[in-house]
Each structure stands twice: as structure tokens, then as C-alpha cells.
Number of protein chains: 2
Amino acid sequence: MTAANLPAQPSRPSHPSRLPLGQADWIAAATEVLAREGVSGLRVEVLAKRCGVTKGSFYWHFKDRQALLAAVLQHWKQGRIRDIEKTTFFKPGEELERINHLIELYGANPNRKGMEIELAIRDWARYDDKAAAVVEAVDLHRLECARKLFVAAGMSETEAKSRSLLLYACAFGLSLMRYAPFDSNLPQLKQRLSERIVAV
Amino acid sequence: MTAANLPAQPSRPSHPSRLPLGQADWIAAATEVLAREGVSGLRVEVLAKRCGVTKGSFYWHFKDRQALLAAVLQHWKQGRIRDIEKTTFFKPGEELERINHLIELYGANPNRKGMEIELAIRDWARYDDKAAAVVEAVDLHRLECARKLFVAAGMSETEAKSRSLLLYACAFGLSLMRYAPFDSNLPQLKQRLSERIVAV
DNA sequence: CAAGGGCCATACTGTGTCGTATGGAAAATA
DNA sequence: TATTTTCCATACGACACAGTATGGCCCTTG
């Protein structure tokens with residue numbers, strides 16, 4: 001409970017042989033485990049071993065396991081909101097370009113890591129109200145930002161709303177499926193989906 | 001290991017006060033728990049208590065916990081395949097009607113239970129190869145059946161493929177999101193999505 | 001140099017769970 | 001009726017994990 005706040009990373013000392021951990025390190029490690037094993041795999045002792053320390057360290061930084069989970073949720077929420085605002089920022093004239101970039105973002109493999117976290121948290125939200133609330137907030141923010149993009153691109157309000165929802169639903173749904181053997185030309189298939197979302 | 005096979009439900013005896021359980025009963029109960037708590041919540045002793053018996057019963061019917069999980073997977077797989085073939089069966093002329101019925105199926109609330117199981121198993125598949133294989137098989141079967149429907153409705157092969165994938169991706173994605181506060185007229189929103197999937 | 005606080009290790013309690021071993025009651029079979 | 005089979009209870013050992021208590025090392029500050 002004496003733990004410092006998040007923003008002020010308390011000035012690392014020089015060399016305790018292995019540099020000490022801050023809340024941020026624990027959250028980062030926890031997020032990785034979350035992505036690979038889900039919430040149920042996020043256990044204190046396992047996480048501690050992964051950080052090269054013991055539980056003693058953990059319970060100095062966090063009150064209990066729930067505190068870590070809450071911190072992970074908050075960190076993810078803020079990260080996603082920052083991210084979506086950066087991604088959907090546009091200057092007049094480049095709306096369609098931003099939309100296509102947004103679609104590519106979720107269809108590509110590079111941020112497979114981000115999607116794993118996303119799926120783990122959404123599954124978590126099925127059993128936990130706090131996680132559900134965070135997911136709802138993130139969804140709303142994303143949908144609103146996408147809606148503005150579509151509207152700026154010249155679509156009607158209702159049209160923009162349905163397209164936004166379709167975009168994200170499709171992104172998450174695809175990440176949940178195993179459709180690789182369904183078609184031998186996946187890039188073309190994805191291209192078709194993109195057109196279905198943005199085309200008139 | 002002395003457990004009987006699945007098909008031959010071994011002729012229930014008359015009255016052991018509380019009628020004895022068969023593998024099918026365990027699988028059914030396990031599937032319910034799976035829907036509500038995920039694979040990690042599927043524990044032997046908890047399940048036994050839920051069935052009104054103790055572990056002793058469980059380990060008579062199943063070798064171990066893994067055997068139950070495997071049985072749940074197989075049961076789900078067969079049920080889904082049977083179901084999709086019934087749902088996508090069509091007589092000439094009623095193709096579009098079947099497609100719309102298929103869309104409604106996943107958009108409606110009635111089979112919320114089925115969707116919960118679906119999501120739990122898909123999350124399970126992210127950490128387990130056997131579950132992933134089952135999901136892949138089910139996905140392939142569904143996509144193929146839907147593709148045939150779209151083709152029969154007069155679409156090209158590539159068009160039918162992309163629409164099929166879009167349909168299921170959208171269905172699962174929506175079930176993963178919390179978009180209720182995004183629009184005050186949800187039925188209209190869903191209607192728009194449906195049109196985006198089937199409309200020319 | 002002494003005192004205090006930041007960061008962590010160790011040891012311990014308690015609980016939940018898997019799997020096994022074994023015994024027992026009721027039904028089926030002989 | 002005697003015996004086997006079916007189905008389940010009880011008891012046990014072995015871990016894994018959450019959380020607490022306590023002590024110790026190192027760095028900082030007075």
C-alpha cells in the first residue's frame with residue numbers, strides 16, 4: 001500500500017545487481033501472460049517467477065491479485081483510447097485513406113500480439129463486470145471515432161454507424177475463426193471483405 | 001476405463017433413489033459450466049457437486065479430466081455439424097430465405113446459450129491445439145455450407161466465399177462486443193448489417 | 001556514521017483441486 | 001439365493017496457489 005503512483009517511476013537506483021521492478025514492469029509482464037494464457041493463467045507466483053523475483057516483491061507493489069488485474073485493465077483501456085485517437089486522426093481529404101489504414105491494421109499479422117490481448121480481455125469480460133465495463137468503454141470510443149471518419153468521408157449517420165460496427169465486429173470475428181483452409185487466396189479474400197465494408 | 005461407449009446409453013435402471021448418471025449427463029453438465037465459466041472453471045469436484053454426486057462417480061465414467069474435455073469437444077463438434085446441415089438445407093427457390101434465417105439465428109438472443117458455448121470453446125482453442133482443430137473443422141463446415149447457399153442464390157464463387165466469411169465473422173464479432181449504448185435503435189442497426197452481408 | 005525506508009526473500013497457513021485406493025449398496029445375472 | 005457388475009462415497013496424498021508475517025540487504029538522508 002506504500003506503493004508509489006504510476007506516473008512517477010521512482011528514480012531507479014544504480015545497481016541492485018538486477019534492477020528493481022516498478023508497477024509498470026509488473027503490468028507489462030502481466031499483460032504478456034494474459035495474452036498467452038488468459039486471466040485464469042495470470043497467477044501471482046507464476047508471474048513473479050517470470051520476473052525473476054518472488055511473491056514478496058509482488059505484494060509490496062500491489063495489495064493483492066485483484067489490484068494487479070484492475071491495473072492491467074486500466075492500463076489497457078488508456079492505451080487503446082490513446083491509440084484509437086491517433087489512428088483515426090485525419091486532415092480533410094485523407095478520410096478514406098485513414099479508413100483503409102484502419103482496416104489493414106486489424107487484418108494484418110504484425111499486431112497479432114495486440115489482438116491476443118484484446119481477445120483475452122474480451123473473454124475475461126464475459127465473467128467479470130469490471131472488465132466488461134472497460135471493454136464497453138473502449139468499444140464505444142472506437143465506434144465513435146470510426147463513425148466520425150465515415151461521416152467525414154461523406155456517408156450518412158446511420159450508414160456510418162453500421163459500417164463502423166461492421167468493421168470492428170468483422171475484425172474481432174476473423175481473429176476468432178480458423179478460416180485459413182477455406183480459401184487458397186487469403187489476400188484476395190480479405191480484400192473482398194474490406195470492399196464490403198467501405199464500398200458504396 | 002470400464003466406461004461404456006457413448007451411443008449405447010446403458011439401459012437406465014429403475015430407481016436408485018436418484019437415477020444414476022451416464023457419460024451424456026456429465027457432458028451436458030460440463031457444457032453448461034463451460035458456457036458460464038470457461039474451460040478453466042470446468043473442475044471435476046465442482047462439476048460433481050453440481051450433479052449431486054462426488055468425484056468417485058466422475059472417475060468411474062471418465063479416465064481423467066482431459067477425457068471429459070475431449071468428450072465435450074467431440075460432442076460439440078458433432079452437434080454443430082448436424083445443426084449447420086439442417087439449417088442450410090434448402091429446396092430450390094428458398095435460398096435467400098434460408099440465408100436470412102441463418103443471419104437472424106446469430107443475431108437473435110434465443111440461442112444466447114449456444115453463443116456462450118461457442119465463445120468459451122473459441123477462447124479455449126487459443127491455448128489448446130485439440131480445441132483449435134475442432135474449431136477449424138466446424139468453421140470449415142459452416143463456411144462451406146454457407147458458400148453453397150450463396151452460390152445457389154446466384155452469386156459467383158469468390159463473392160459467395162467472402163460473404164460467408166463475413167457472415168460468421170460478423171456474428172462472432174458482435175457477440176464479443178458491447179455496442180448497446182452505441183445506438184438507440186439496435187434493430188435498425190442489425191438490419192443494416194444484414195443488408196451489408198446479403199445485398200448486392 | 002547512524003537511522004530509516006525501499007525492495008525483496010523465506011517461511012508459514014489455509015484452501016482448492018487432481019487423481020487414487022478402497023469399500024459398499026443396489027441392481028443384474030447366474 | 002449367490003455372485004458379479006454397476007455406480008458411487010469416503011479417505012488419502014500430493015501440489016499449486018493466495019495471502020501474511022517477518023527479517024534482511026542496500027541505498028538514501030540526516
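To compare two copies of a chain, they are superposed by least squares on the C-alpha atoms of residues with pLDDT of at least 70 in both. Keep that in mind as we walk through this predicted model. Here, a rotation of 180° with 0.0 Å of shift along its axis lays chain A on chain B, with an RMSD of 0.1 Å. The two copies are therefore related as by a two-fold rotation axis. Would you like a landmark for that axis? In chain A, look for Gly173(A), whose C-alpha is the nearest to the axis, at 2.0 Å.

Now let's see where the chains meet. On chain A, 37 residues are in contact with 37 residues of chain B. Four helices of chain A, namely α6 (112–124), α7 (129–152), α8 (157–176) and α9 (186–198), each supply at least two residues of the side that touches chain B. Of these, α8(A) gives the most, with 13 residues. Sorted by class, this side of chain A has 21 nonpolar, five polar and eleven charged residues. And since 100% of the interface residues of chain A are also interface residues in chain B, the copies meet through the same surface.

Finally, step inside chain B. Two packed helices are described by the angle between their axes and the distance between the axes. Helix α4 (residues 65–87) of chain B packs on helix α7 (residues 129–152) of chain B at an angle of about 0°, and their axes are 10 Å apart. Angles under 35 degrees count as roughly parallel, so α4(B) is roughly parallel to α7(B). Among the residues making the contact are Leu73(B) and Ile81(B) of α4(B), along with Val134(B) and His141(B) of α7(B). By class, the contact of α4(B) with α7(B) has nine nonpolar, one polar and five charged residues.

Methods. Residues are numbered from 1 along each chain as its sequence is written. Chains are lettered from A and ligands numbered from 1 in the order in which they are written. This is a predicted model: local features need pLDDT of at least 70, side-chain atom pairs count only at pLDDT 80 or more; totals for chains, interfaces and linings use all residues. Two residues are in contact if their C-beta atoms, placed from the backbone, lie within 7 Å. Axes are lines fitted to C-alpha atoms, for helices over the stretch in contact, and angles run from 0 to 180 degrees between N-to-C directions. Angles under 35 degrees count as roughly parallel, over 145 as roughly antiparallel, 65 to 115 as roughly perpendicular and the rest as oblique. Ala, Val, Leu, Ile, Met, Phe, Trp, Tyr, Cys and Pro count as nonpolar, Asp, Glu, Lys and Arg as charged, and the others, Gly among them, as polar.
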